[in-house]
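Colleague: I should like a close look at a single part of this model, namely the salt bridges and the residues that form them. Please then set that part in the context of the surrounding structure.

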Amino acid sequence: MEELVTLFQDPVSWAALATLIVMEVVLGIDNLVFVAILTNRLPKRQRPRARRVGIGLALVFRLVLLTMIAAIVRLTQPVFEIAGNALSWRDIILISGGLFLVWKATREIHHIVDPNPAPSLYGAVAMGFAAAIVQILALDLVFSIDSIITAVGMTPHIPIMMVAVVVAVGAMLLAADPLSDFVQRNPTVIMLALGFLLLIGTALIADGFGVHIPRGYIYAAMGFSALIEMLNMLARRARRNRARSSLYGEDD
């Protein structure tokens, strides 16, 4: 206990904590978009519970992983080569997670674009509660391992990492329902969010093969796209208001 008090009395520790919280929150955006898309496929009454359970279990999952930090750091050691590229277990996990995201986003886009889906595909639209939770945890494994390995380079203190994770996941819990409701109310945002998932999945695959795409570029592209979509939403609202005013004017 005394060690913890001493640790958190150090200004350097607070700086590391603030940096880690920002990093975890930013990385959590990827996860939150996926949670919003995934849980909106559930029956309406199950959606809030699925978000809370999925994100809550993800918190427990991340805290458990932090207790295994020594083993996780060793995941960066190469295990075999493909076409001259040395791959570690971390790389394999990133590539697998990226492929999963690309597959999932492509499948969801197909359901939206195809006006007459095949019966087997249409039946797959309804997702079970347990299946949603498993998919949330599977993707969280990918982001957790990546963020933990990154965090090790910022601070060697596990308590600081744990506090950062708890704060970041708490922010995700607060933002999950509003974000999911916003996505559900605005169908065009769903396609934009799926595009984000494709982008993130591609970046994970590239990272796994040693081609690092700075996350700043990715988030800048996502932010710019979100700004354009917001302007489109404002334009559509203005057109609806003008049409409504014109209709009432004719009635008068």
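Modeller: In this predicted model, a salt bridge joins Glu108 to Lys104, with the closest N and O atoms 3.7 Å apart. Both residues belong to helix α5, where they are four residues apart, about one turn of the helix. Glu108 is buried, and Lys104 is buried as well. Through shared partners, salt bridges join Arg41, Lys104 and Glu108 into one network.

The other link in this network runs from Glu108 to Arg41, and here the closest N and O atoms are 1.9 Å apart. This pair connects distant parts of the chain: Glu108 is in helix α5, Arg41 is in the loop between α2 and α3, and their positions lie 67 residues apart in the numbering. Glu108 counts as buried because its relative accessible area is 6%, under the 20% limit. Arg41 has a relative accessibility of 18% and therefore also counts as buried. Side chains of opposite charge can pair when their charged atoms come close.

By the rule applied here, the model holds six salt bridges. Another of them is formed by the side chains of Asp140 and Arg62, at 2.9 Å from N to O. This pair, too, links distant parts of the chain, with Asp140 in helix α7 and Arg62 in helix α3, 78 residues apart. Asp140 has a relative accessibility of 1%, so it is classed as buried. Arg62, at 6% relative accessibility, is likewise classed as buried.

A further arginine deserves mention, Arg90, which is placed in helix α5. Its relative accessibility is 19%, and it therefore counts as buried, the limit being 20%. Leaving out residues up to four places away in sequence, Arg90 touches Leu75, Thr76, Asp146 and Ile149.

The nonpolar interior forms the next part of the setting. The largest nonpolar core has 53 residues, among which Leu20, Ile72, Leu101, Leu197 and Leu204 touch the most other members. Two or more residues are given to this core by each of α2 (11-39), α3 (47-67), α4 (69-73), α5 (89-113), α7 (129-152), α8 (158-185), α9 and α10. Helix α7 supplies the largest share, 11 residues. One of the core residues named above, Leu204, is in contact with Leu94, Ile95, Gly97, Gly98, Leu101, Val142, Phe143 and Arg215, once its neighbours within four places in sequence are set aside.

Helices α9 and α10 can be followed through individual residues. Val189 lies in helix α9, which covers residues 187-208, and with a relative accessible area of 9% this residue is buried. Beyond its neighbours within four places in sequence, Val189 is in contact with Phe182, Val183, Glu229 and Met233. The C-alpha atoms of Val189 and Glu229 are separated by 7.4 Å, although the two residues are 40 residues apart along the chain. Ala221 belongs to helix α10, which covers residues 215-251. Its relative accessibility is 36%, so Ala221 counts as partly exposed. Between the C-alpha atoms of Ala221 and Phe196, which are 25 residues apart along the chain, the separation is 9.1 Å.

There is also a nonpolar patch on the surface. Phe224, Leu227, Ile228, Met230, Leu231 and Leu234 make up this patch of about 560 Å². One of its members, Met230, lies in helix α10 and is partly exposed, with a relative accessible area of 42%.

Finally, the confidence of the prediction should be kept in view. The protein chain has an average pLDDT of 79, and 86% of the residues score at least 70. Within the chain, confidence is highest in α3, at a mean of 86, and lowest in helix α6 (residues 119-123), at 41. Over residues 119-125 the pLDDT is below 50, and beyond near neighbours in sequence this stretch has seven contacts in the model. To return to the part requested, Arg41, Lys104 and Glu108 form one network of salt bridges, while Asp140 and Arg62 pair between helix α7 and helix α3.

Notes: Residues numbered from 1 in each chain as written. Predicted model: local features only at pLDDT ≥ 70, side-chain atom pairs only at ≥ 80, totals over all residues. Heavy atoms only, no water. Buried < 20%, exposed > 50% of the residue type's maximum accessible area, 1.4 Å probe, protein only. Contact = heavy atoms within 4.5 Å. Core = buried A, V, L, I, M, F, W, Y, C linked by side-chain atoms within 4.5 Å. pLDDT = per-residue confidence, 0-100. Patch = residues over 30% accessible without salt bridge, like charges linked within 9 Å, V, L, I, M, F, W, Y side chains within 5 Å. Areas by Shrake-Rupley, 256 points an atom, 1.4 Å probe, with all protein chains shown as cover. Salt bridge = Lys/Arg side-chain N within 4 Å of Asp/Glu carboxyl O.
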